[in-house]
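Hi there,

Here is the structure I promised to pass on. Have a look at it first, and my notes follow below.

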Amino acid sequence: MITTPEQKKQLEVEGYTLIKGLFSVTEIVQMRKALTAYFGNEENKFLYAYAGKTQSDAMNRIPALRFLLKHPKMNSVLKELIGDDLRFLHHSDAHFNVLSGWHKDSTGYIKNEWEVREGKEKIGVYKICFYLQDHNNDVGGLSVRPKSHLIPKMGSDAGVKLNSDAGDVIIFDQRLDHVGQIPTKLQKVIMRFMPSDKMKFSLIGFLRKITMTRDRMSVFIGYGNDNAFADEFKENLVARQNRQNNTTEYIVSEEVSQNLAEAGVRG
Ligand SMILES: O=C(O)CCC(=O)C(=O)O
């Protein structure tokens, strides 16, 4: 076992948990290199959004990340915390220098996330996420509002900042209120007045460079229990991903299917 009973309980009761040191330094360095190259190439079809760059459907579109789907430690953690009926929800994002605001990832993608359906079936949709740099001493990591996964209304308190290091992963219930890096006053002004997402990225990126701030990269992948909630969630999230990627067809790469099969995870 990699996780502890306390971590499983924390995920259930508080809606999140953090697992230390899941990825090696070599894996982190490789993923940073891969994302720097991917987001540095304008031929790739990422989006300029949230003052940064983002690629949804990252598992199919960024081949260098596909190993994650059969990463032995990551899969053990997911199965220990979510269950052996683990399902990949076909929704994944890679982010580069994005800024964000408080939100729940479930909003709008499922009819009623708090419903208990016939046969006592309950929602079980989670994200595993990680940052490719340390956030133990800055505002760049994930903050969460503990227990907010049980409350439909968004909260308003400052939440808890999770002090993650590169290599750590966070698993959270997608109903949980969470936020990454909140824009500063200056960044808010730039975001408000710059006419295009690309210009917002360029100006805020320039400020990062002159303040010698490291590029901030992260990966978010959706998993869940294999039930009707997962079906509904997957369908709606894939439709959103397709809209973001400007396509009507969702194509699963052979390597993604193979890696999921190797990991014993239903796709
Ligand atoms: O930028 C971040 O760290 C947060 C991103 C996020 O909340 C999301 O992808 O749902």
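Which residues point one way from β5, which the other way, and are they buried or exposed? Please keep in mind that this is a predicted model. Val 125, Lys 127, Cys 129 and Tyr 131 point one way, while Tyr 126, Ile 128 and Phe 130 point the other way, and all are buried. That fits the picture for the strand as a whole, residues 125–131, where 7 of 7 residues are buried.

The neighbours of β5 come next. With β10 (residues 217–225) it pairs in the antiparallel sense over 7 bridges, and there Phe 130 has Val 219 as its bridge partner. Strand β8 (residues 169–173) also runs antiparallel to β5, joined by 4 bridges; Ile 128 is partnered with Ile 171.

Stepping back, 7 strands make up an open antiparallel sheet, ordered β1-β8-β5-β10-β4-β3-β2. β1 (16–19) and β2 (47–49) are at the edges with a single partner strand each, so each has one side without a neighbour in the sheet. From one strand to the next, the twist averages 25°.

Two helices lie across this sheet's strands. Helix α2 (residues 25–40) crosses β3, β4 and β10 at about 65° to β4, and helix α7 (residues 228–244) lies across β2, β3, β4, β5 and β10, at about 30° to β4.

Finally, the ligand: the residues surrounding it include Asp 93, His 95, His 178, Ser 218 and Phe 220. β4 (86–96) and β10 each contribute at least two residues to this shell, whose members comprise 3 nonpolar, 5 polar and 2 charged. His 95 of β4 also stands opposite Thr 54.

Enjoy exploring it!

Best wishes

Methods:
Residues are numbered from 1 along each chain as its sequence is written. This is a predicted model: local features need pLDDT of at least 70, side-chain atom pairs count only at pLDDT 80 or more; totals for chains, interfaces and linings use all residues. A residue is buried if 20 or more other C-beta atoms lie within 10 Å of its own, exposed if 12 or fewer, and partly exposed in between; C-beta atoms are placed from the backbone. Two strands pair if DSSP finds at least two bridges between them. A residue is near a molecule or strand if its C-beta atom, placed from the backbone, lies within 6 Å of it. Ala, Val, Leu, Ile, Met, Phe, Trp, Tyr, Cys and Pro count as nonpolar, Asp, Glu, Lys and Arg as charged, and the others, Gly among them, as polar. Axes are lines fitted to C-alpha atoms, for helices over the stretch in contact, and angles run from 0 to 180 degrees between N-to-C directions. Two residues are in contact if their C-beta atoms, placed from the backbone, lie within 7 Å.
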